[in-house]
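This report looks at two side chains and at the internal cavities. The sequence and structure come next.

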Amino acid sequence: MSWSEKLSDSVQSIAPSGIRKFFDIAAKMKDVISLGVGEPDFVTPWSIRESCVYGLEHGYTSYTANRGMFELRDAISNYYKEKYNLDYDADKEVLVTVGVSEALDLAMRAVLNPGDEVLIPEPCYVSYQACVTLAGGVPISVPAKIENEFRITPEELEPFLTKKTKVLLIGYPNNPTGAIMEREDLLKIADFADVNDLIVISDEIYGDLTYSGVHECFSTLPKMKDRTILLNGFSKAYAMTGWRIGYALSNPDFIAAMTKIHQYTMLCAPITAQVAAIEALTNGEKYMKKMVAEYDRRRRLIYDGFKKLGMDSFEPKGAFYIFPNITSSGLTSEEFAEKLILSEHVALVPGTAFGKSGAGHVRCSYATSIEKISEALNRIGHFLKKHAG
Ligand code: PLP
């Protein structure tokens, strides 16, 4: 007997992430260069690690407040005041979570009733649709166009609007495309959200990783602060993926509702990681800036490299991904990714892992060394020669 029929309908309806398959192939091969994983290749800066060691030595081993240590919530609140002139009350408007992953899940569960629809510009991060489905909502994908550098407009969202639309979920700088949204683009989206009374969930985990232009925080837009659930975390900017710390900022009602779920399901984020996150926010900026400068160097190398290989790609402006078009190879994205790893030992992710509108593209992460990127470009060049015409 198969036990799978006993599973919930919502779990059965979602597919496993399309990213993992290629990691599994790569794990069995020697000399693989991975442009697949969306994770910094840096180790967390030492002063951040050291603060955790210090915390352990001083007995920081207990639960914390459900909402997170006050010192961390206060540091987060100060960061948003200094950087964006936004006032978030550390007591009522900040919730520390186990990564942005948990914050995303909590946000969905806190606001969605069964059948509520969530507009999601696509291509997008692999968890968005699944989180909506698991919370009982209905994800509605809205294709973003490469001609518009994968930015989204109200005109593109409008046709997908129904009486059930409750949330707009956006993630800029974007995974997988590297797109950002300029302030003038976002002002139109804010107006659209206001007119249609939508809650906006804005995943700004790559906000500090912007190379060209500045990152615009969605909550700074007129009338958007209370309407928005702003998500951010430490995984990417501070190379802290394994620590599992993120946070949500919003009006007191949304944060109280999310805290209620968090309290019963997670209790609190680990204290050791919260101590490290305080150090990251108070003293970590200089290390973060160094890493960002290095990503920028790699970004230019890979963008120029793809151009030289004749692979069409728009220049990524943020995050650490590039999303070249591979249709000239005559292969689909899945075929391209599979044949490339088997013949050249380079791992990347087919664009369709991020939604149907990612067809004809692959995602490459440049969070890896200059040497590895150069060698990967050589191997991809070799591969393209074999598939030319
Ligand atoms: N949001 C986006 C857009 C991501 O790319 C990722 C991780 O890749 C996450 C959220 C999850 O981040 P965290 O490690 O904070 O759970």
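Contact here means heavy atoms within 4.5 Å. The model is predicted.

## L106 and its surroundings

L106 is found in helix α5, which covers residues 99-111. Its relative accessible area is 0%. Buried means under 20%, so L106 is buried.

Which residues does L106 touch, leaving aside neighbours within four places in sequence? The contacts are L95, T97, M258, I261 and H262. One of these, M258, sits 152 residues away from L106 along the chain. Even so, the C-alpha atoms of L106 and M258 are separated by 5.4 Å.

## Q274 and its polar partner

Q274 lies in helix α10, residues 271-283. Is Q274 buried or exposed? Relative accessibility is 0%, so Q274 counts as buried.

The side chain of Q274 has a polar contact with the side chain of T64. The distance is 3.1 Å. T64 also appears in the contact list of Q274, which leaves out residues up to four places away in sequence. The rest of that list is G68, M69, L72, V96, I245 and A269.

## Cavities: the largest

How many cavities of 30 Å³ or more are there? The count comes to four. The largest cavity has a volume of about 90 Å³.

The lining of the largest cavity holds 13 residues. Nearest its centre lie Y172, M181, L186, H215 and E216. By class, the lining of the largest cavity divides into eight nonpolar, three polar and two charged residues.

## Cavities: the second largest

The second largest cavity has a volume of about 70 Å³. Its lining is made up of 13 residues. P121, P123, G171, Y172 and N174 lie nearest the centre of this second largest cavity. Two elements each give two or more residues to its lining: β3 (117-122) and β5 (165-170).

What is the make-up of the lining of the second largest cavity by class? It has nine nonpolar, three polar and one charged residues.

Y172 links the two descriptions. It is listed among the residues nearest the centre of the largest cavity, and it is listed again for the second largest cavity.

Key: Residues numbered from 1 in each chain as written. Predicted model: local features only at pLDDT ≥ 70, side-chain atom pairs only at ≥ 80, totals over all residues. Heavy atoms only, no water. Helix = DSSP H or I, 4+ residues; strand = E, 2+ residues; numbered from the N terminus. Buried < 20%, exposed > 50% of the residue type's maximum accessible area, 1.4 Å probe, protein only. Polar contact = N/O pair within 3.5 Å; in protein donor to acceptor, adjacent residues only side chain to side chain. 1 Å grid on protein atoms, 1.4 Å probe; cavity = no way out; pocket = protein on both sides within 12 Å on 5 of 7 lines; lining within 4 Å. Points joined across faces, edges and corners; volume = space filled by probe spheres on them. Nonpolar A, V, L, I, M, F, W, Y, C, P; charged D, E, K, R; others polar.
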